[in-house]
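Me: Got a structure here that I'd like to talk through. Can you take my questions as they come?

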Amino acid sequence: MAAEEKDNLRQKIGRYRANLTPEERRTKSRRIMECVLTLPQFCQAQSVMLYLEIRDEVETTSLARKTIGMGKRLVVPLCKENRIIPCEIASLEDDLAAGYMGIREPKETCARPVQPEEIEAVLVPGLVFDQEGRRIGYGGGYYDRFLPLLPAGTPIIGLAFECQVLGKISTEEHDQRMSLLVTENGVIYQR
Ligand SMILES: Nc1nc2c(c(=O)[nH]1)N(C=O)[C@@H](CNc1ccc(C(=O)N[C@@H](CCC(=O)O)C(=O)O)cc1)CN2
Ligand SMILES: Nc1ncnc2c1ncn2[C@@H]1O[C@H](COP(=O)(O)OP(=O)(O)OP(=O)(O)O)[C@@H](O)[C@H]1O
């Protein structure tokens, strides 16, 4: 897909997502969280990496809190020089501060990097997805560079509102496919 086409798609779908009311976002995010909590891929993972939402993304903060509460290791992205450094945090209240693009990231003093091999499931944000697990993000290539570092078979779980999912998008060679896609309607794709 041409870069311009990709950008048009980002804008169009971004508008759909922005048009959800805060109440819709909350309700749908809760349903997505409830679905994730039933996934064997999540339940069996002792170390879970997830993003912390910004703006109108699928909300993950409650899930992050539950993950810690369940005694799992919680890993979140720290962006540095165009790369994601996965870091473990122990507390959402104490260990985070606004970082790259206003995203809550581990404070330098609390950032404990973990090896990709230690991560057992990843929840991935995105702007546009398709029904076969393809994904377009904000265009930084962060997850496209990070996901290949995970051991083969690590569950890669995309989270999206239904309005972000298209039938099929043509992506590029470096674009990383999800192994599962969860929306407010449940698991809509599984590899
Ligand atoms: N919550 C969350 N965390 C994440 C990501 C994400 O998509 N969501 N990322 C996923 O890669 C990485 C950070 N990458 C990001 C890249 C761009 C923008 C962003 O807001 N871009 C603006 C354009 C800014 C500009 O061009 O000046 C935008 O799209 O409006 C945010 C995060 C890692 N952490
Ligand atoms: N594995 C990679 N190695 C080097 N460059 C890459 C890689 N993956 C992506 N890029 C580059 O990063 C830029 C953005 O890629 P792309 O548009 O696919 O990002 P995205 O999936 O939308 O964003 P993100 O992953 O940050 O949410 C492109 O210029 C692309 O060439």
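Reply: Sure. One cut-off to start: buried means under 20% relative accessible area, exposed means over 50%, and partly exposed lies in between. Also, this is a predicted model.

Me: Good. Is Glu53 buried or exposed, then?
Reply: Buried. Its relative accessible area is 17%, so Glu53 falls under the 20% cut-off.

Me: What does Glu53 form a salt bridge with?
Reply: Arg104. The closest N and O atoms are 3.6 Å apart. The pair links distant parts of the chain, with the two positions 51 residues apart. Arg104 sits in strand S5, residues 104–106. Glu53 is in the loop between strand S1 (47–50) and helix H4 (61–69).

Me: And how accessible is Arg104?
Reply: Arg104 has 27% relative accessibility, so it counts as partly exposed.

Me: How many salt bridges are there in the model?
Reply: The count comes to 11.

Me: Why do such side chains pair up?
Reply: Opposite charges can pair when the charged atoms come close.

Me: Which residue does Glu88 meet in a salt bridge?
Reply: Arg73, at 3.1 Å from N to O. Glu88 lies in strand S3 (residues 83–89) and Arg73 in strand S2 (residues 73–80), so the salt bridge ties together parts 15 residues apart in sequence.

Me: Where do those two fall on accessibility?
Reply: Glu88 is buried, at 16% relative accessibility. Arg73 is partly exposed, at 25%.

Me: Which residues make up the network that includes Arg73?
Reply: Arg73, Glu88 and Glu118. Salt bridges link them in a network.

Me: What about Arg134 and Asp130, buried or exposed?
Reply: Both are buried. Their side chains meet in a salt bridge, 2.8 Å from N to O.

Me: Switching to sheets. What is the strand order in the open sheet of 3 strands?
Reply: The order is S9-S8-S11, and the pairing is mixed.

Me: Which strands stand at the edges?
Reply: Strand S9 (135–136) and strand S11 (165–166). Each has a single partner strand, so one side of each is left without a neighbour in the sheet.

Me: How many bridges join S8 to S9?
Reply: There are 2, and the strands run antiparallel. Strand S8 covers residues 128–130.

Me: Last one. What is the bridge partner of Phe129 in S9?
Reply: Arg135 is the bridge partner of Phe129 there.

Terms used:
Residues are numbered from 1 along each chain as its sequence is written. Chains are lettered from A and ligands numbered from 1 in the order in which they are written. This is a predicted model: local features need pLDDT of at least 70, side-chain atom pairs count only at pLDDT 80 or more; totals for chains, interfaces and linings use all residues. Side-chain values use heavy atoms; hydrogens and water are left out. A salt bridge is a side-chain nitrogen of Lys or Arg within 4 Å of a carboxyl oxygen of Asp or Glu. Helices (H or I, at least four residues) and strands (E, at least two) are DSSP runs, numbered from the N terminus. Buried means under 20% relative accessible area, exposed over 50%, partly exposed in between (1.4 Å probe, protein chains only). Two strands pair if DSSP finds at least two bridges between them.
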